[in-house]
Amino acid sequence: MAEASVSPCPSAEEKMAGKQPPPLMKKHSQTDLVSRLKTRKILGVGGEDDDGEVHRSKISQVLGNEIKFAVREPLGLRVWQFLSAMLFSSVAIMALALPDQLYDAVFDGAEVTSKTPIRLYGGALLSISLIMWNALYTAEKVIIRWTLLTEACYFGVQSLVVTATLAETGLMSLGTVLLLASRLLFVIVSIYYYYQVGRKPKKV
């Protein structure tokens with residue numbers, strides 16, 4: 001008696017393996033205008049901020065937009081930065097090379113007891129001048145404002161020191177009066193540009 005051949009039934013795993021997966025449906029949400037607008041609204045970009053600037057990405061919203069500032073910078077700011085850097089550099093070089101002449105020009109004939117403090121003063125001025133030269137070529141508001149604030153504080157402290165020295169020595173000359181007047185003018189101009197750079201633009 002011949003034995004009937006029985007074909008084995010495929011298991012459930014073989015059936016699942018034999019089935020072809022359905023083709024993946026590609027979504028065109030990235031190219032859909034409505035979806036892109038929703039995404040930008042969730043990220044918080046595309047609209048105007050408190051300063052009236054429109055940010056194209058989250059990075060520009062966090063770091064700021066330097067191109068906008070380059071258009072709105074106060075009139076005469078770069079000229080003032082250049083003059084300040086030149087002034088600090090020239091006085092620093094004179095204090096390092098000719099300390100006697102610098103002291104005589106400020107205090108009108110007073111004798112120099114030691115040249116070392118004047119040369120140290122020149123080295124400090126030279127360091128500040130390097131910062132000002134670098135700030136001349138930047139468009140970041142924070143760096144420019146801190147440079148202007150440093151300049152205003154320096155001129156203010158210098159005016160107080162010169163005034164105290166004149167009160168102790170009793171020496172008063174036309175050159176000293178002009179020096180104090182120029183330092184007060186520099187303080188006023190630096191503070192003016194400091195607030196102008198940090199001022200928010202008016203919305204139209």
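Q: Where are the cut-offs set between buried, partly exposed and exposed?
A: Buried means under 20% relative accessible area and exposed means over 50%, with partly exposed lying in between. The terms are applied here to a predicted model.

Q: Why is E73 called partly exposed?
A: Partly exposed is the class between under 20% and over 50%, and the relative accessibility of E73 is 26%, so E73 counts as partly exposed.

Q: What makes the pairing of E73 and R78 a salt bridge?
A: The criterion asks for a side-chain nitrogen of Lys or Arg within 4 Å of a carboxyl oxygen of Asp or Glu. The side chains of E73 and R78 meet at 3.3 Å, N to O, and therefore satisfy that limit. Side chains of opposite charge can pair when their charged atoms come close. By this rule the count comes to one salt bridge. R78, like E73, is partly exposed, because its relative accessible area of 22% falls between the two cut-offs.

Q: How do you know that T138 is buried, and where does T138 lie?
A: T138 has a relative accessible area of 15%, which is under the 20% limit, so T138 is classed as buried. T138 lies in the loop between α7 and α8, and, leaving aside its neighbours within four places in sequence, T138 is in contact with R78, I143 and I144.

Q: What makes up the largest nonpolar core, and which element gives the most to it?
A: This core has 20 residues, and those with the most contacts inside it are L77, F88, L125, L148 and F155. Two or more residues come from each of α5 (77-97), α7 (116-135), α8 (141-169) and α9 (174-198), and α5 gives the most, with seven residues. Beyond its neighbours within four places in sequence, F155 is in contact with L87, F88, R183, F186 and V187.

Q: How do you know that the span of α8 is close to the one expected?
A: With 29 residues, α8 reaches 42 Å from its first C-alpha to its last, and the span expected at 1.5 Å a residue is 42 Å. The buried residues of α8 include I144, L148, E151, F155 and Q158. Just after α8, G170 takes a positive phi of about 80 degrees.

Q: Why is F82 called partly exposed, and what patch does F82 help to make?
A: The relative accessibility of F82 is 38%, which lies between the 20% and 50% cut-offs, so F82 counts as partly exposed. F82 lies in helix α5 and, together with V79, L83 and M86, makes a nonpolar surface patch of about 370 Å².

Note on methods. Residues numbered from 1 in each chain as written. Predicted model: local features only at pLDDT ≥ 70, side-chain atom pairs only at ≥ 80, totals over all residues. Heavy atoms only, no water. Core = buried A, V, L, I, M, F, W, Y, C linked by side-chain atoms within 4.5 Å. Buried < 20%, exposed > 50% of the residue type's maximum accessible area, 1.4 Å probe, protein only. Helix = DSSP H or I, 4+ residues; strand = E, 2+ residues; numbered from the N terminus. Contact = heavy atoms within 4.5 Å. Expected span 1.5 Å × (residues − 1). Patch = residues over 30% accessible without salt bridge, like charges linked within 9 Å, V, L, I, M, F, W, Y side chains within 5 Å. Areas by Shrake-Rupley, 256 points an atom, 1.4 Å probe, with all protein chains shown as cover.
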